[in-house]
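Let's take a friendly look at two backbone angles and one pocket. Have the chain open beside you as you read.

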Amino acid sequence: MNSDLSSQQVKDIGEQGLLEKLQRFCPPEIIGDDAAVLETAPEKSLVVTTDVLIDGIHFSNLTTSPEDAGWRAAAANLSDLAAMGASPLGITVGLGLPGEVRVSWVERLYQGMTECLQKYNTSIVGGDVVRSPVTTLAITAFGQVHPNQIIRRSAAVVGNAIVVTGVHGASKAGLELLLHPELGQDLKDTERTALIRAHQRPQPRLDVLPILWKILASPYPMPIAGIDSSDGLADAIIQICRASGVGAVLERREISMPATFDNWLTEEQALAYALYGGEDFELVLCLPQESALALVQYLGKGAAIVGNITPGSTVLLHDEQKKFPDQILSLSQGFQHFSQ
């Protein structure tokens, strides 16, 4: 890349110059008007979700390249759509930037978003760019779902099995390795790379949805409860229980965590990463027992039934082997904006 171009700052080319560069990341037939027009299929409901990401809180040059920051931002929104049972239609991007940010950084950010979206045949269909004292990324994602296939937090019933679609704690472990490279000296290179990639390039679980509908053996199955685990496994289950007016019991030994944790973390640290680390972007689903078993068998490694929905309102972590005392899970143990 030409050194003059790579050092070019946003303030050097202005709003219109930057927009001209970013338009190449959008389908030409979509952009050019005051709003995007997205076609939805008949008998489909529109699903909309928004995430705001702030430099220094949600991403950092210390742990993520611009491409990785873009990928993670897109993945977070696609994960929210997956948690609702929806397939993506497109995203819009609101970008706040200091004038001193390099244009090449912004282009690389959009390249990362595009790389993630392309996996799911999704595009950037619009947005806005403004001056800001701190780099801010606000993404709105649009999806569609048949009304009878909407996954809601409030649909859990007593007796449901709680299914997780993959491992938890890997993203937090990857972040710790990036912040403290001296950790995990016993890890193999492939293990270290896998954990770091889990943090920098998480995979939204849109792939689970067609499998789920197939297992439930009906195009319009009974209501199921679900959420993604972007704020940690404990948070996900507590949110479902609160919305559904139920409780839950989690079996400690069934929680899926990378086996490589044994090489450099205590069992308690590994569990804390899984419950409260967040940003794993797996799905947490509450299903009838038979359907839950079929889904776990189909998904294979990492997927597991981690507990059951119970009467009451308590979310309890239980150890069947009785090595550890029962523990009541709460939101106060995880990250909450404005509380730290």
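Helices (H or I, at least four residues) and strands (E, at least two) are DSSP runs, numbered from the N terminus. This is a predicted model, in which local features need pLDDT of at least 70, side-chain atom pairs count only at pLDDT 80 or more, and totals for chains, interfaces and linings use all residues. Residues are numbered from 1 along each chain as its sequence is written, and side-chain values use heavy atoms, with hydrogens and water left out.

Most residues other than glycine have a negative phi. Here are two residues with a positive phi, although neither is a glycine. Buried means under 20% relative accessible area and exposed over 50%, with partly exposed in between (1.4 Å probe, protein chains only).

| Residue | Phi | Loop between | Relative accessible area |
|---|---|---|---|
| Phenylalanine 281 | about 55° | α9 (267-276) and β8 (283-287) | 5%, buried |
| Lysine 322 | about 60° | β10 (315-318) and β11 (327-328) | 68%, exposed |

Now for the pocket. On a 1 Å grid over the protein atoms alone, a pocket is an open set of points with protein on both sides within 12 Å along at least five of seven lines, and lining residues have an atom within 4 Å of a point. The second largest pocket holds about 570 Å³ of space. Closest to its centre, among 22 lining residues, are Gly166, Val167, Ala170, Ala198 and Glu282. Helix α6 (residues 189-200) gives the largest share of this lining, five residues.

Conventions:
On a 1 Å grid over the protein atoms alone, a cavity is a set of points where a 1.4 Å probe fits but cannot get out, and a pocket is an open set with protein on both sides within 12 Å along at least five of seven lines; lining residues have an atom within 4 Å of a point. Grid points are joined across faces, edges and corners, and a volume is the space filled by probe spheres set on the points.
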